[in-house]
Amino acid sequence: MSDQDSSTSASQTEGEVEGERDEEMDGEMKGGDEEGEKHRDSPVPSLSSFSTSLSAVMRIKQKYRAMKKRRQDMALGLAADGPLTGAPPRSSPKIFTFDGLTPSSFSSSRKRVLYPNRGGCRAPPKQERSRAKYCLILLCAIVFIQVYNAIENLDDHVLKYDLDGLEKTLRREVFGQQGAVEGLLSHLKDYLSTYVHNKPLVVSLHGPSGVGKSHLGRLLAGHFRSVVGETLVLQYYVLHHCPQEADALRCARDLATLISQMVERAEEEEKIPLFIFDEVEHMHGEILDALLQLVASKQSNEYLNAIYLFLSNLGHTHITKHMLQNSSSISMASASSGRHSHLVKELTPILRRTLEKLHPLWTEADVLPLGLLEKGHVMECFLDEMTREGFYPDHTNIERLAGEIEYYPEAGGHQYSQTGCKQVVAKVNLL
């Protein structure tokens, strides 16, 4: 009962306050209207009427403030006593949890973004993926596959010719010509690393008699026969195949026909043939002209995939003179960067100028000089030959045989052989 009485009295009080405020506002409005009519009736406004209006406005303002303050005090008092009758019941705030949600509700809900300027909720615009991105990825994949296949093919092509085995053979059986061997292997590796060329490989080896030119040619021929076959390797000895100058034109035609047939056969088998020409210093002009036409880069594709090796003693006087006069500088080079490589770099331009005056064929060739052999190299030749023939390699006997060879006068601490290892085989056969 006390709660009902307090609520009833509170509602009555609130009703009386609202009634008094309405009556006061009506009275003030009526007073304002009367004053307005008085102002309209009076023809000329006076100072007393203006002060009356101002005081009326101030009075209304004070009454409004008093009523507002009284209403705030009453509202605070009612709130302290308890909720009014008829007011909606207050409930505790709800706490959000994930218990009532399922994974499907997350997947089915769409992301929405509120745009405050235009109002309403809208889904974000769907971003369209460009097709150029997929094309670019496909292009990169194709390029990667092509490059990978090219690298694999290059490796397979080099492995097919077993250049590592050739290098071991040349370093083991060729004495005193490390610079020339390194240059020759470098040319072969660069050329055989691919099957597409813009010119054939033409290498010309030059050196005095007995320094190992023919021996090097035989080693190359034997290696390539085991790799590409007997029919794709040609060893041409001028004094054996065409000794008479009168037969030079016929020999040139026969040689050109033979090379063409071998080149066509190699093209069918996808291999590179090897042509070795020994004793080129005795080769006739007609044969040189025919070879120049074959090695020219204007030939068809099958003629570009071939290796030509020329062996001669052309320019041997320049090599001998250079080595005897620069033996001191050669000794200094041996202590720093390798005298053989240094010798090749110095002699190559001298030989090229000399050879290009003899025939234009050497303008198409890479020239490699072979230097003179020292006494130590001759002893190595004796040791190798005696081992092949089954003799006991007695060091004293080897020194005695090497002492029978003729040498140039000692220069710069080096003793060079005049005939190289050319007499080694004959002297070992006499044992």
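**Exercise 1. Locate glutamate 270 and state whether glutamate 270 is buried or exposed.**

Solution. Glutamate 270 sits in the loop between α9 and β5. Helices (H or I, at least four residues) and strands (E, at least two) are DSSP runs numbered from the N terminus. The model is predicted, so local features need pLDDT of at least 70 and side-chain atom pairs count only at pLDDT 80 or more, while totals for chains, interfaces and linings use all residues. Residues are numbered from 1 along each chain as its sequence is written, and side-chain values use heavy atoms, with hydrogens and water left out.

Next, consider the accessibility. Buried means under 20% relative accessible area, exposed over 50%, and partly exposed in between (1.4 Å probe, protein chains only). Glutamate 270 has a relative accessibility of 54% and therefore counts as exposed. Finally, the backbone: phi of glutamate 270 is near 55 degrees, a positive value in a residue other than glycine.

**Exercise 2. Describe glutamate 279 in the same steps.**

Solution. The position of glutamate 279 is in the loop between β5 and α10. Its relative accessibility is 24%, so glutamate 279 counts as partly exposed. Its phi is near 60 degrees, again a positive value in a residue other than glycine.

**Exercise 3. Determine how α9 and α10 pack.**

Solution. Begin with the geometry. Helix α9 (residues 248-269) packs with α10 at an angle of about 25 degrees, and their axes are 8 Å apart. Axes are lines fitted to C-alpha atoms, for helices over the stretch in contact, and angles run from 0 to 180 degrees between N-to-C directions. The angle makes α9 roughly parallel to α10; angles under 35 degrees count as roughly parallel, over 145 as roughly antiparallel, 65 to 115 as roughly perpendicular and the rest as oblique.

Then take the handedness. The crossing of α9 and α10 is right-handed. A crossing is left-handed if the near helix is turned anticlockwise from the far one by less than a right angle, and right-handed if clockwise.

Lastly, name the residues. The contact (heavy atoms within 4.5 Å) involves residues of α9 including Leu255, Ala256 and Ile259, and residues of α10 including Ile287, Ala290 and Leu294.

**Exercise 4. Carry out the analysis for α15 and α16.**

Solution. Helix α15 (residues 375-389) and helix α16 (residues 395-403) meet at an angle of about 125 degrees, with axes 9 Å apart. This makes α15 oblique to α16. Their crossing is right-handed. Among the residues in contact are Val378, Phe382 and Met386 of α15, together with Ile398, Leu401 and Ala402 of α16.

**Exercise 5. State the strand order of the open sheet and identify the edges.**

Solution. The sheet has 5 strands in the order β4-β5-β6-β3-β7, with parallel pairing. β4 and β7 (366-369) stand at the edges, each with a single partner strand, so one side of each has no neighbour in the sheet. On average, neighbouring strands of this sheet are turned by 15 degrees against each other, direction ignored.

Two strands pair if DSSP finds at least two bridges between them. Strand β3 (residues 201-206) is joined to β7 by 4 bridges, and the two run parallel. One of the bridge partnerships links leucine 205 to leucine 368 in β7. Helix α10 (residues 285-295) lies across β3, β4, β5 (274-278) and β6 (307-312), and runs at about 150 degrees to β6.

**Exercise 6. Describe the surroundings of glutamine 235.**

Solution. Glutamine 235 belongs to strand β4 (residues 233-237). With a relative accessible area of 18%, glutamine 235 is buried.

Consider its polar contacts. A polar contact is a pair of N or O atoms within 3.5 Å; within protein, one must be able to donate a hydrogen and the other to accept it, and residues adjacent in sequence count only if both atoms are side-chain atoms. The side chain of glutamine 235 makes such a contact of 3.1 Å with the side chain of arginine 225, and one of 3.3 Å with the side chain of tyrosine 237. Not counting residues up to four places away in sequence, glutamine 235 touches several residues, including Gly217, His241 and Ile276.

**Exercise 7. Place threonine 354 in the fold.**

Solution. Threonine 354 is part of helix α14 (residues 339-358). At 23% relative accessibility, threonine 354 is partly exposed. Its side chain forms a polar contact of 3.5 Å with the side chain of histidine 318.
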